[in-house]
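Here are my notes for a first reading of this structure, set out as numbered points. Please keep the display open beside the text while you go through them.

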Amino acid sequence: MDFSTVASHLLNNFSVDEIKAYNSIKTFDYIHLASMGHNDTEGYQIFTPEFIVKDMCAAIGDDIFDFSKNVLEPTSGDGAFTVYILLRRLEKALKGGNFELDSLRALSTIYSIEMDKELIKKQRNNILTAVSLFIKDHKIEVSEGYFEVFKCIIVKNFIWAMFNSDGPIDAGLFGTEVAYEMPKAEKNVFNPLDMPVWDISDNAIIVHEEGVEIW
Ligand SMILES: C[S@@+](CC[C@H](N)C(=O)[O-])C[C@H]1O[C@@H](n2cnc3c(N)ncnc32)[C@H](O)[C@@H]1O
């Protein structure tokens, strides 16, 4: 697949804010998680350390690493859970023999919501850093344009939004009242979010927005 063409097609349909988010994503030298002692400027908040993330994911079971299953982190901070889940999914993608498409699929069903703009920006960088280091460490060759497509998925799925922690959630269905667009929600204007749904086949990558079933 020509990933550069796919990325330009996706970017052509992005909003101005999405393009801005896309252009701001960069790699760090290493993953910067507050729970690892990096940049913990929050002080009063607890960011989950990796050993607890591992235990919690293990308690859910291996389904969480199955990239055909949707996972939502509704208050995701700088990505303690999303980075771990992505890295475990990348290991799986590596074993499958079709790393490029499977790693994009692995990312495309991880959804992340965070209301603090600086933290969601940091998390997007952590996610790009995680895949970049994984690719480097495993000496994987990726095609031109691969990282551009990866970044497009980050922009869509790692969302600056406010999770509706007050409202009831419709028995496992990701309905219309689960999260609200920022910055409007900060000003008490609650516009419900639809979520991006990716269709990644051998010859096309497309995205549309709808309610998503979260297992
Ligand atoms: C204690 S931190 C934990 C972050 C991450 N889940 C972890 O375990 O490291 C909680 C995060 O949830 C965010 N948050 C709190 N209420 C939220 C809401 N209603 N919608 C989205 N994010 C929220 C905060 O900004 C903060 O980054």
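The points below go from the whole chain to single elements and residues.

1. Confidence. Please bear in mind that this is a predicted model, in which the mean pLDDT of the protein is 89 and 88% of the residues reach 70 or more. The stretch to treat with caution is residues 170-175, where the pLDDT is below 50, although this stretch still has 11 contacts in the model beyond near neighbours in sequence.

2. Overall make-up. The protein has 215 residues, of which 37% count as buried, and its secondary structure comes to seven helices and eight strands. When contacts with a separation of 6 or more are considered, 68% of those in the protein are between residues 24 or more positions apart.

3. The surroundings of the ligand. Which residues come nearest to the ligand? Of the 18 residues around the ligand, they are Thr48, Thr75, Gly77, Ala80 and Phe163. Two or more residues of this shell are given by each of α4 (80-96), β2 (110-114) and β3 (158-163). In character, the shell is made up of nine nonpolar residues, seven polar ones and two charged ones.

4. Helix α4. A simple check of the geometry is possible here, because at 1.5 Å a residue the 17 residues of α4 should span 24 Å, and the C-alpha atoms at its ends are 25 Å apart, which agrees. The buried residues of the helix are Ala80, Phe81, Thr82, Val83, Tyr84, Ile85, Leu86, Arg89, Leu90 and Ala93, and Ala80 is also among the residues that come nearest to the ligand. The cover over these buried residues includes α3 (50-60), β1 (71-73), α5 (99-108), β2 and α6 (117-137). After the helix comes Gly97, whose phi is positive, near 85 degrees.

5. Strand β2 and its partners. All five of the five residues of β2 are buried. In a regular strand the side chains alternate between the two faces of the sheet. In β2, Ile110, Ser112 and Glu114 point one way, whereas Tyr111 and Ile113 point the other way. The strand pairs with β1 in the parallel sense over three bridges, and it is joined to β3, again in parallel, by three bridges. Ser112 is a good residue on which to follow both pairings, since Glu73 stands opposite Ser112 and the bridge partner of Ser112 in β3 is Phe158.

6. Ile159 in strand β3. Is Ile159, which is found in strand β3, buried or exposed? Ile159 has 23 other C-beta atoms within 10 Å, and it is therefore buried, as 20 or more are needed to count as such. Leaving aside neighbours within four places in sequence, Ile159 is in contact with Ser112, Ile113 and Leu193. The pair Ile159 and Leu193 shows how the chain brings together separate parts of the sequence, for the two are 34 residues apart in sequence and 9.7 Å apart in space, C-alpha to C-alpha.

7. The hairpin of β6 and β7. Strand β6 (residues 195-200) and strand β7 (residues 205-210) run antiparallel and are joined by six bridges, with a hairpin of four residues leading from β6 to β7. Within this pairing, Asp199 stands opposite Ile206 in β7.

8. The loop between β5 and β6. Two details deserve a look in this loop, and one of them is the peptide bond from Met182 to Pro183, which is cis, with omega near 5 degrees; Pro183 lies in the loop between β5 (179-181) and β6. The other concerns Asn188, found in the loop between β5 and β6, where phi is near 65 degrees, a positive value in a residue other than glycine. Asn188 counts as exposed because it has 7 C-beta neighbours inside 10 Å, and the limit for that class is 12 or fewer.

9. Lys139. Where does Lys139 lie? Its place is in the loop between α6 and α7 (146-157), and its phi is near 50 degrees, a positive value in a residue other than glycine. Lys139 has 6 C-beta neighbours inside 10 Å and so counts as exposed.

Technical notes
Residues are numbered from 1 along each chain as its sequence is written. This is a predicted model: local features need pLDDT of at least 70, side-chain atom pairs count only at pLDDT 80 or more; totals for chains, interfaces and linings use all residues. A residue is near a molecule or strand if its C-beta atom, placed from the backbone, lies within 6 Å of it. Ala, Val, Leu, Ile, Met, Phe, Trp, Tyr, Cys and Pro count as nonpolar, Asp, Glu, Lys and Arg as charged, and the others, Gly among them, as polar. pLDDT is the predictor's confidence in each residue, from 0 to 100. Two residues are in contact if their C-beta atoms, placed from the backbone, lie within 7 Å. The expected span of a helix is 1.5 Å times one less than its number of residues. Two strands pair if DSSP finds at least two bridges between them.
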